[in-house]
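User: I have a structure to go through before setting up some calculations. Can you take my questions on its fold and its ligand shells?

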Amino acid sequence: MNRVVSLGALCLLACAACDNGFLTQQGYEPAQPIAFSHALHAGELKMNCQYCHFGASQSRHAGVPPASVCMGCHTQVKPGSPEIQKLTKAVAAGVPIEWVRVHRLPDFAWFSHQNHVAAEVACQTCHGPVETMARVQQHETMTMGFCLDCHRKTLAEPQPGKKLAPPTDCSACHR
Ligand code: HEC
Ligand code: HEC
Ligand code: HEC
Ligand code: HEC
Ligand code: HEC
């Protein structure tokens, strides 16, 4: 919580008219160690999100795929490219690629992918049109209000044939 408070204080000092995006990291788009493009792999090549993010349906974290998933293709596809060479070298050395994390909730908030995937909430609802992004960007605010708006809306307007009961009590997300 200290970080949240000091960030807020810093923001007040630094800019009188700072917008929500700064505090929430909406729009955060860090450079990655390898120029991996979702626009190419998930867009043009139409690869399924869960082919790589296979953790999403089974666990709290969607996870980022190990390089072995990439090498399934890239031992053959463009092995000479400098970007692919970075992959090949990391695999040979047995070191993981240090992808820069884009989305991160504060430690006091709890989220799991598993139940959302089971409830068929599309990845894009929370992550935006990732299949058009050459570099991943945080598309939504990911604030408590963002979570609660959907939970309340789902409760108020139940979809036919679905019995979804997303929680609105504090302890569901603050454990
Ligand atoms: C070929 C494998 C692959 C496919 C297919 C893929 N991703 Fe990814 N994804 C990655 C890798 C590698 C990263 C880490 C590097 C980066 O951020 O670009 C990543 C990062 C992400 C992140 C950011 C994670 C963070 O740090 O917060 C999101 C969100 C994401 N992917 C969503 C999706 C969605 C949605 C789809 C389908 C439309 C998809 N991905 C398809 C490999 C893949
Ligand atoms: C299903 C096969 C497949 C998988 C799996 C795959 N890729 Fe690719 N990748 C491709 C194809 C096809 C291209 C386009 C090659 C071309 O431009 O001719 C490509 C292009 C790339 C490029 C651009 C290379 C260049 O120099 O133009 C990078 C970087 C890349 N992939 C990284 C990754 C990473 C990292 C992963 C794992 C997270 C991954 N790929 C998984 C098929 C795949
Ligand atoms: C209901 C909103 C929501 C949906 C739907 C959702 N995500 Fe996420 N995603 C998040 C949040 C929130 C985080 C940050 C989690 C944290 O910090 O603990 C996240 C983090 C991630 C990450 C970073 C690594 C990790 O696992 O924490 C990846 C990759 C990712 N999501 C991919 C996906 C993919 C692929 C789908 C669809 C199969 C998906 N997400 C569906 C909200 C969502
Ligand atoms: C559906 C999930 C969810 C529920 C239910 C929920 N919260 Fe949160 N809460 C979050 C998330 C995610 C954050 C972190 C993002 C943020 O700060 O907005 C957060 C942040 C907070 C913060 C940090 C300050 C802030 O606003 O940034 C407080 C305090 C808080 N919640 C209190 C509560 C209380 C009290 C309740 C019950 C009335 C509650 N929350 C219910 C998800 C939830
Ligand atoms: C677009 C709609 C939507 C958004 C946005 C959303 N949720 Fe949910 N959430 C759901 C649905 C639907 C369920 C499943 C309810 C069920 O299975 O009965 C759910 C279930 C949950 C649950 C209970 C199941 C579990 O995983 O323990 C928690 C906790 C939760 N959400 C937290 C969050 C948090 C935290 C966020 C924001 C980062 C968030 N949700 C954003 C729709 C959403």
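Analyst: The answers below cover the fold, then the ligand shells one by one. Note that this is a predicted model.

User: How many helices and how many strands does the chain have?

Analyst: Read along the sequence, the pattern is α-α-α-α-α-α-α-α-α-α. No strand appears in that pattern. The count is ten helices and zero strands.

User: What percentage of the residues count as buried?

Analyst: A residue needs 20 or more other C-beta atoms within 10 Å of its own to be buried. The chain has 175 residues. The share that counts as buried is 8%.

User: Among contacts between residues at least 6 apart in sequence, what share joins residues at least 24 apart?

Analyst: A contact here requires C-beta atoms within 7 Å. Pairs must be at least 6 apart in sequence to enter the count. The share joining residues at least 24 apart is 61%.

User: Which element gives the largest share of the shell around ligand 5?

Analyst: The shell holds 22 residues, with N115, A119, C147, C150 and P166 the closest. Elements giving two or more residues are α7 (113-118), α8 (123-127), α9 (144-156) and α10 (170-173). One of them supplies five residues, the largest share. That element is α9.

User: How many charged residues does the shell around ligand 5 have?

Analyst: Split the shell by class. Nonpolar residues number 16 and polar residues six. The charged count is zero: there are no charged residues.

User: Which element gives the most to the shell around ligand 3?

Analyst: Ligand 3 has 21 residues around it, and H53, H61, A62, C123 and C126 come nearest. At least two residues each come from α4 (49-52), α7 and α8. The top contribution is four residues. It comes from α8.

User: How do the residues around ligand 3 divide into nonpolar, polar and charged?

Analyst: Cys and Ala count as nonpolar. C123, C126 and A62, among the nearest residues, therefore fall in that class. The full division is eleven nonpolar, nine polar and one charged.

User: Which element gives the largest share of the shell around ligand 4?

Analyst: Here 14 residues surround the ligand, and A109, T143, M144, C170 and C173 come nearest. The elements giving two or more residues are α9 and α10. The largest share is four residues. It belongs to α9.

User: How many nonpolar residues are in the shell around ligand 4?

Analyst: Take the other classes before the nonpolar one. The shell has four polar residues and no charged ones. The nonpolar count is ten.

How values were computed:
Residues are numbered from 1 along each chain as its sequence is written. Chains are lettered from A and ligands numbered from 1 in the order in which they are written. This is a predicted model: local features need pLDDT of at least 70, side-chain atom pairs count only at pLDDT 80 or more; totals for chains, interfaces and linings use all residues. A residue is buried if 20 or more other C-beta atoms lie within 10 Å of its own, exposed if 12 or fewer, and partly exposed in between; C-beta atoms are placed from the backbone. Two residues are in contact if their C-beta atoms, placed from the backbone, lie within 7 Å. A residue is near a molecule or strand if its C-beta atom, placed from the backbone, lies within 6 Å of it.
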